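Got the model open in your viewer? Let's walk through it one selection at a time.

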Amino acid sequence: MRLPYVPNPPQTSTEEDAQIVQRIQARRAPRPLQSLDLALLHSPPLADGWNSFLGAVRTKTSVGDDFRELAISRVAVCNRAWYEWKHHAPLAAQAGVSKEALEVVKTEGPLEGLERPEVLSERQWAVLVYTDEMTRNVQVRDETFDKLKSLFSDREVVEITGIVAAYNCVSRFLVALDVGERNGTGPDDVVTH
């Protein structure tokens, strides 16, 4: 990490900051605070907003866990955010994404123009291509959007878009500060099954 992590447990100087730490600990429970939390807690108000927003993105959307974790894992690959990959590829596997499908997610180049691999459903592939274009290009081709829209409800499209946008934010924070000290390590040392 390019900055020192805050101490764990975090030292707080106000009751408001102590409550922020408690909210983050509650969301993480039963797991301990993560390196990401210990980086964000340099700014308790930012950490608090992050916790609330990402908590909603992770636990309050209606899209299936496989779609969410495929999108997050693809963002990690596109942005070389291996700390993010380390945490979310195993969650994708727990959500039923096969090891072979995760190999597709690790494809380094753009997915545009590639044929859908048999190891991914039509809906999973639509999410990956949409994620890839949103992450790499920001703008998404009409063809890609129309495909996603034909397979998901308006709410799901908004949630998938929010997931991809949120985890692009996360990955940029992780990579810029080298949270978890994983830059340059790649995805191959992560066990997904």
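Start with the two domains: their C-alpha centres lie 24 Å apart. To colour them, select 15-60 for domain 1 and 65-177 for domain 2; these bounds come from an automatic or database domain assignment. Before going further, note that this is a predicted model, where local features need pLDDT of at least 70, side-chain atom pairs count only at pLDDT 80 or more, and totals for chains, interfaces and linings use all residues. Residues are numbered from 1 along each chain as its sequence is written, and side-chain values use heavy atoms, with hydrogens and water left out.

**Stop 1: the domain contact**

Select whatever touches across the boundary, with contact meaning heavy atoms within 4.5 Å. You should pick up 11 residues from domain 1 and 15 residues from domain 2. The two domains bury about 1,000 Å² between them, 70% of it on carbon and sulfur atoms. That figure is the accessible area (1.4 Å probe) that the two parts lose on being put together, summed over both.

Now show Trp50, Val57 and Arg58 as sticks: within domain 1 they lose the most area to domain 2, together 50% of what that side buries.

**Stop 2: the salt bridge**

Keep Arg58 on screen and add Glu69. Their side chains meet in a salt bridge, 2.5 Å from N to O; the term needs a side-chain nitrogen of Lys or Arg within 4 Å of a carboxyl oxygen of Asp or Glu. The count between the domains is one salt bridge.

**Stop 3: helices facing domain 2**

Select helix 2 (35-40) and helix 3 (44-59), each of which supplies at least two residues of the domain 1 side. Helix 3 gives the largest share, five residues. Helices here are DSSP runs (H or I, at least four residues), while strands are E runs of at least two, numbered from the N terminus.

**Stop 4: the annotated span**

Select 44-103, which UniProt, in an unreviewed entry, annotates as "domain: Carboxymuconolactone decarboxylase-like". Such annotations may be inferred rather than shown by experiment, and positions follow the numbering used here, with feature names shortened. The span is 82% helix and 0% strand, and its end C-alpha atoms lie 37 Å apart.

**Stop 5: backbone oddities**

Most residues other than glycine have a negative phi, and most peptide bonds are trans. Zoom to Asn8 and Pro9, joined by a cis peptide bond with omega about 10°; Pro9 sits in the segment before helix 1 (15-28). Then try Ala29 to Pro30, also cis, with omega near 10°. Pro30 is in the loop between helix 1 and helix 2.

Finish at Arg80, which has a positive phi of about 55° although it is not a glycine. Look for Arg80 in the loop between helix 4 (65-79) and helix 5 (82-94).
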